[in-house]
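The exercises below are to be worked through with the sequence and the coordinates at hand. Each task is followed by a solution that proceeds step by step.

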Amino acid sequence: MTAPLRTDPTTVPVALGERSYDIVIGRGLIASLGPRIEALRPRARVFIVTDTNIELNHLDAVEETLAESAIAASQLIVPPGEGTKSFRVFERVCEAIIAARIERGDLVVALGGGVIGDLAGFAASAVRRGIDYVQVPTTLLAQVDSSVGGKTAINSAHGKNLIGAFHQPMLVVADTALLDTLPPREFRAGYAEVAKYGLLGDAAFFSWLEANWREVFAGGKASGSGAREHAIAVSCRAKAAIVARDERETGDRALLNLGHTFGHALEAACGFSDRLLHGEAVAAGMALAFEFSARLGLLSPAEAERAIRHLAEVGLPTRPKDIAGGLPDADALMALMAQDKKVKRGALTFILVRGIGAAFVERGVDAVQVRGFLSEKLAER
Ligand SMILES: NC(=O)c1ccc[n+]([C@@H]2O[C@H](COP(=O)([O-])OP(=O)(O)OC[C@H]3O[C@@H](n4cnc5c(N)ncnc54)[C@H](O)[C@@H]3O)[C@@H](O)[C@H]2O)c1
Ligand SMILES: [Zn+2]
């Protein structure tokens, strides 16, 4: 076998004063994790949290690089899936970290997708009132979104992500080769968040994605093109810039919710199940946000159509009728949106668009208008 292709790493800084850190992106980077941790925290012990799918595919490589740097490591492997972001598993993670005698000055390593990142990050924020941690994201969604920005959480019986903390990682190491083992549907869902950065604030990046998305999906295994790394780096830069402006989401950070108000309602309607992955819901939500914005006269129907066409071309759902199984009616979807924290009384807060790359926060969207739009879209089924 030939050695896996490597690309020179790209570093994206996240500027947050004394909580600043780097996101390092590249193919084959995992082998450098040991030396990077050693440089960051000499002689620290490490506690790895991961799930069984990642254990199967990538844990050996992580253990190997840590061993080569003589870093003492222990680990906890939890079941995959959203159900793992629970009090029960959170308790297990915290107790395991304490039992492994991890102290302040040691490090937690979150090796996994957004589920592991959110869970392990929250445990790190809580154990001993805060232990530092490193994110090693293994899904596209985690590499461009959840591992960056310091939001950590588990789910409550009342809703997703309701119990958590802001806790920034010390380092994010995104090895793009880890994504080669990701199920294609998961990769595609994560791509919705990549497209989101173009759609919300970077028209040139969106054009680049229209031309290069196939290379991003292929990952440069054969050509070594670096398209996947480029897409991830641009996405991380966009998120880092927004987070640096508004770490705790009092304003601008809400732009990252483009497609998420409609999306969350669809996700909730599908019971947060495999019927509709988060990124798929976001794709459908962004398509609705573009169409709704066009309806309000904010941009031309042709431009909205262009945004939607790209999402559909990569195989993401863009219409209610693309979602398998039944959906509730417009009133029920409105009720699901009203449970969302972004909704206040009769006015909804929406991320709307004046064009591709020109999203803005609109706090006074008329609920009646949204309801009418939704019931029309649902009738197309
Ligand atoms: N903190 C944030 O800012 C933020 C942002 C967005 C999403 N999230 C959270 O992220 C979660 C979703 O994350 P996700 O989409 O990464 O899902 P996930 O963590 O559930 O991973 C998806 C699936 O892929 C498997 N997997 C992961 N990496 C793999 C690999 N390299 N090879 C093979 N299989 C692999 C996992 O075991 C799982 O079955 C949600 O809980 C969401 O709330 C958080
Ligand atoms: Zn999202």
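**Exercise 1.** Which residues does Leu119 touch, not counting residues up to four places away in sequence?

*Solution.* The model is a predicted one. Begin with the position of Leu119, which lies in helix α4 (residues 114-126). Listing its contacts beyond the four neighbouring places in sequence then gives Val78, Thr84, Val89, Phe90, Val93, Ala153 and Ile154. Of these contacts, take Thr84, which is 35 residues apart from Leu119 in sequence and 7.9 Å apart in space, C-alpha to C-alpha. Finally, because its relative accessibility is 0%, Leu119 counts as buried.

**Exercise 2.** Identify the residues that coordinate the zinc ion (ligand 2), and place them in the sequence.

*Solution.* The donors are Glu193 (OE), His260 (NE2) and His278 (NE2), at 2.0 to 2.2 Å, and their spacing in sequence reads E-x66-H-x17-H. Glu193 belongs to helix α6 (residues 184-201) and His260 to helix α9 (residues 260-269), so this pair ties together parts that are 67 residues apart in sequence. Both Glu193 and His260 are buried.

**Exercise 3.** Describe the surroundings of ligand 1, starting from the polar side-chain atoms.

*Solution.* A polar side-chain atom of Lys85 lies 2.8 Å from an oxygen atom of ligand 1, while one of Asp118 lies 2.9 Å from a nitrogen atom of the ligand. The protein covers 87% of the 870 Å² of accessible area that ligand 1 has on its own. The shell, 26 residues in total, divides into seven nonpolar, 10 polar and nine charged residues, and its largest share, four residues, comes from α2.

Notes. Residues numbered from 1 in each chain as written. Chains lettered and ligands numbered in written order. Predicted model: local features only at pLDDT ≥ 70, side-chain atom pairs only at ≥ 80, totals over all residues. Heavy atoms only, no water. Donors = N, O, S within 2.8 Å, 3.2 Å for Na, K, Ca; no water. Helix = DSSP H or I, 4+ residues; strand = E, 2+ residues; numbered from the N terminus. Buried < 20%, exposed > 50% of the residue type's maximum accessible area, 1.4 Å probe, protein only. Contact = heavy atoms within 4.5 Å. Near = heavy atom within 4 Å. Polar contact = N/O pair within 3.5 Å; in protein donor to acceptor, adjacent residues only side chain to side chain. Areas by Shrake-Rupley, 256 points an atom, 1.4 Å probe, with all protein chains shown as cover. Nonpolar A, V, L, I, M, F, W, Y, C, P; charged D, E, K, R; others polar.
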